Amino acid sequence: MKTYDEIEGFIDYTNKDEWKNYIENFVIPLWKFSWLLKEYFEELKREFDNLPLSEVKEEDKPLILGGIRLVSEEIYSQNSLAKFYLRFFGLRLKDLQSWILQQQYGESLTKITVEVTETQFIKLVKEIFNILDYALQHQTLISNFEEPQLNYEELKRNPEKVKELIKEWYQALLNLSINYNYGTFFICSINQVTYRFMKSAYPRVDQIFDFLQNEFGLIELDWDNPINPETQTFKDYTIYCFPEYNPKKQGKSFGGAIVKLNELLWNKFSYSSEIKETLSMLFGKVQNLKEEFRERVKSQLPEKYYSWIYFKGITASESSSRIEESGKIFMDMLNENMPWLFTSLIKIDDYISKNTSEKGFRFVSFG
């Protein structure tokens, strides 16, 4: 089996300076761009939400009305500024149809107000910021990072700068994703895998194990390992994870935050989503990150994975009622699921230990 030590350009996972660079060059930029976008939304909301249209400054009206067509099935022209602000920032007239009718009638018959609502785009921006914010609070390699300065008026006056900010945010998102970042791949790949599999992929991992535990938060997954603890096999089949992915008792960690971020991105950039539709206004076709990654690694995966592994002693089965007659060994079944867990395409979703005779893992699709 080829190890990741032999892959050209793979991160030197034993080098702490590499991990400092990873945080500085990939984690912090996405954190900063997310902060700027969420703060820009909050400023828009503070200024415009529930504001009568009659009180909106003339120079700000294009944000709300720019590109609206009074006589058309499609109210917003394709590349209109108002459509952009509606889709990304939820800025719009509360009763647009009444405003259109009044424009056609030539008189203002009712009061028209503006509203700013949280879009799926802004929700994603905030989720990403919150994940990365707690990630940065749970590491000590980089401490000299500060929130950026938001020039609200400059952004509001220049739509191209707002679009450029979104483009920078999206590129930073891709740069940090497991699809394009070996550091993120490494962190995700050591979550919920056995020591045996981890060691086979990363032969030098023992050199940095204390670092992974102390700095990234790696822990032993809490379960009833049936193997004699005095044996090498017990060590080999110790499962490691980040606290967020310990089914019995969850916590927070830097490593777990990175895995959570990847899971969020895979979920939000699925086959059909409002996020992809919104971003397509700027980027055209937006890729399905999970499917793209799966296509890349599928040649390394077994045909399928076990959704359940029940065990009694070291005898195991996919069915809790058929353990005795299965003839399968628990370690073998776990080994067959390891490539899927290593690539983050599945995760251990639950661990069952109701009594001495019924124990098992449940595996579900990741992201």
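**Figure 1. The whole chain: half of the residues count as buried.** Of the 367 residues in the protein chain, 50% count as buried. The model is a predicted one. Its secondary structure adds up to 16 helices and 10 strands, and the C-alpha atoms fit a box of roughly 85 × 45 × 35 Å along the principal axes. Take the contacts with a separation of 6 or more, and 68% of them join residues 24 or more positions apart.

**Figure 2. The surface and its charges.** About 17,600 Å² of the protein chain is exposed, and carbon and sulfur atoms supply 44% of that area. As for charge, the chain carries 45 positive and 55 negative ones, and the mean positions of the two sets sit 3 Å apart.

**Figure 3. A buried lysine, K156, and its surroundings.** K156 belongs to helix α6, which covers residues 152–157. Is this lysine buried or exposed? K156 is buried, at a relative accessible area of 2%. So who keeps K156 company, once its neighbours within four places in sequence are left aside? The residues in contact with K156 are then Y40, E47, F48, D60, L63 and Y85. With one of them, D60, there is a polar contact from side chain to side chain, at 3.3 Å.

**Figure 4. Helix α8, largely enclosed by the rest of the structure.** Helix α8 runs over residues 182–189, and 7 of its 8 residues are buried, so the rest of the structure largely encloses it. The buried ones are G183, T184, F185, F186, I187, C188 and S189. At the N-terminal end of α8, N181 acts as the cap: one of its side-chain oxygens is 2.8 Å from the backbone nitrogen of G183.

**Figure 5. Two cysteines and no disulfide.** How many disulfides turn up in a search of the whole structure? The search comes back with 0. C188 is in no disulfide, and the nearest cysteine sulfur to its own, that of C241, is 13 Å off. The cut-off for a disulfide is 2.5 Å between cysteine sulfur atoms, so a pair at 13 Å does not count. Looking from the other side, C241 is in no disulfide either, with the sulfur of C188 as the nearest one at 13 Å. Both cysteines are tucked away: C188 is buried with a relative accessible area of 1%, and C241 is buried with a value of 0%. C188 also appears in the previous view, among the buried residues of α8.

Notes:
Residues are numbered from 1 along each chain as its sequence is written. This is a predicted model: local features need pLDDT of at least 70, side-chain atom pairs count only at pLDDT 80 or more; totals for chains, interfaces and linings use all residues. Side-chain values use heavy atoms; hydrogens and water are left out. Helices (H or I, at least four residues) and strands (E, at least two) are DSSP runs, numbered from the N terminus. Buried means under 20% relative accessible area, exposed over 50%, partly exposed in between (1.4 Å probe, protein chains only). Contact means heavy atoms within 4.5 Å. Accessible areas come from the Shrake-Rupley method with a 1.4 Å probe; for residues, only the protein chains shown count as cover. Lys and Arg count as positive and Asp and Glu as negative; His and the chain ends are not counted. The place of a charge is taken as NZ of Lys, CZ of Arg, CG of Asp or CD of Glu. A polar contact is a pair of N or O atoms within 3.5 Å; within protein, one must be able to donate a hydrogen and the other to accept it, and residues adjacent in sequence count only if both atoms are side-chain atoms.
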